[in-house]
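Reader: I should like to go through the assignments made for this model and ask what each of them rests on. Please set the values against the criteria as we proceed.

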Amino acid sequence: MQFPALSRRRLFPMLAAGGITIASSALSEIPVAGPPVTFGLIADPHVGLAKDAQDRLGVFLDRMSTASPDSLIQLGDFAFPEPRHQRLVDSFNQITKHPIHVIGNHDLDFGHTPDTCVESWGIPRRFYRHDVGPLCVLVLDGNDKGSPTHDQHGGYPSYVGPEQLEWLDQSLADADRPVFVCCHQPLAGRAAVDNADAVREILEAHRRKIVLCLNGHTHIDQLLEISGIPYMHVNSASYHWVGGPRKWVSYADPLFATMVVNLSKRQVTIQGRSSHWVGAPPAEAEQDSSDVIVPQIRSRSIITG
């Protein structure tokens, strides 16, 4: 399936259980060759917060160990960087030569810092480049302080600071291969970082190199395109947040996905998982009423461009 002709901004409410394939112009712009490159994707398991998150992450690790992808990407709110969770981190890192970690806001709860995440997870620093064969992955840290609008909404910081913006612009300029950009907080769509416009201005200046931007954080499935760049929200492995007395509604099965970048066909395919609610589904008033999809059966099929 390919993107239709688009306006500047369009949402794609596509959650088919069979997965979705979309042609990528970035893979056509920069010459690439070779066999398909595979990624395992997981977001927001919340190990240490959600009571069964460790088991859910274990299912993902077991499946990925068998599938042997080229790279694993966790998109934040992963597992607190504490000794009790190190076994899970080590298992994640041992499955592939290319483990990629993104720092989420909840990874910094209980006094944890980006430095403790860097040390525990074995990443070079809180934002970094990691090449997976003919592909480049740029990882951002959306937890910067200093947002001029933070006081208007409060809560966790959600901001990509000036140091990272400069680094992102230079890294995209230097990139000699198609690029995936990862950040826990969205760079577009619901709950985007406070300075999403500034981030996207940089991305759009290098749009011909960018295959896809990936995020977690929102616990929803969403794909949208802005100015030729696709942005994908990857759903939580564990639950949908509803707030109020219920707080959240869990999925019966852990949700995660496999992404295949087919270099010869210039396509990216994401194959996901479907599940159902544990107990009563969220009431309509508790479901996301913005521009996203919250089906009664949570499809874990996601998308890219």
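Reader: What is the sign of phi at S68, the residue that follows α2?

Author: In this predicted model, the phi of S68 is positive, near 55°. S68 comes directly after helix α2, which runs over residues 53-67.

Reader: How do you know that the span of α2 is close to the expected one?

Author: Helix α2 has 15 residues, and from its first C-alpha to its last it reaches 21 Å. The expected span takes 1.5 Å times one less than the number of residues, which gives 21 Å here, so the two values are close.

Reader: What makes the buried residues of α2 line one face of the helix?

Author: The buried residues are A53, R56, L57, F60, L61 and M64. Viewed down the helix axis, they fall within an arc of 140°, and therefore they line one face. In an α-helix there are 3.6 residues a turn, so residues three or four places apart point the same way. On the other side of α2, D55, D62 and T66 are exposed. The cover over the buried residues includes β3, β4, α3, β13 and β14.

Reader: Why is the pair of F60 and F256 called edge-to-face?

Author: Their ring centres are 5.2 Å apart, and a pair requires centres within 6.5 Å. The planes stand at 70°, and an angle over 60 degrees counts as edge-to-face, so the pair takes that name. F60 lies in helix α2 and F256 in the loop between β13 and β14, 196 residues apart. Both F60 and F256 are buried.

Reader: Why is the pair of Y251 and W277 called tilted instead?

Author: The centres of these rings are 5.4 Å apart and the planes meet at 35°. That angle is neither under 30 degrees, as stacked requires, nor over 60, so the pair is tilted. Y251 is in the loop between β13 and β14, whereas W277 is in the segment after β15, 26 residues away. Y251 and W277 are both buried.

Reader: How do you know that C183 and C213 are in no disulfide?

Author: A search of the whole structure finds zero disulfides. For C183, the nearest cysteine sulfur is that of C182, 8.9 Å away. For C213, the nearest is likewise that of C182, at 8.5 Å. A disulfide requires sulfur atoms within 2.5 Å, so neither cysteine qualifies.

Reader: What makes C183 and C213 count as buried?

Author: Buried means under 20% relative accessible area. C183 has 0% relative accessibility and therefore counts as buried; C213, at 2%, counts as buried too.

Terms used: Residues numbered from 1 in each chain as written. Predicted model: local features only at pLDDT ≥ 70, side-chain atom pairs only at ≥ 80, totals over all residues. Heavy atoms only, no water. Buried < 20%, exposed > 50% of the residue type's maximum accessible area, 1.4 Å probe, protein only. Helix = DSSP H or I, 4+ residues; strand = E, 2+ residues; numbered from the N terminus. Arc of directions from axis to C-beta. Contact = heavy atoms within 4.5 Å. Phe/Tyr/Trp six-rings, centres within 6.5 Å; stacked < 30°, edge-to-face > 60°.
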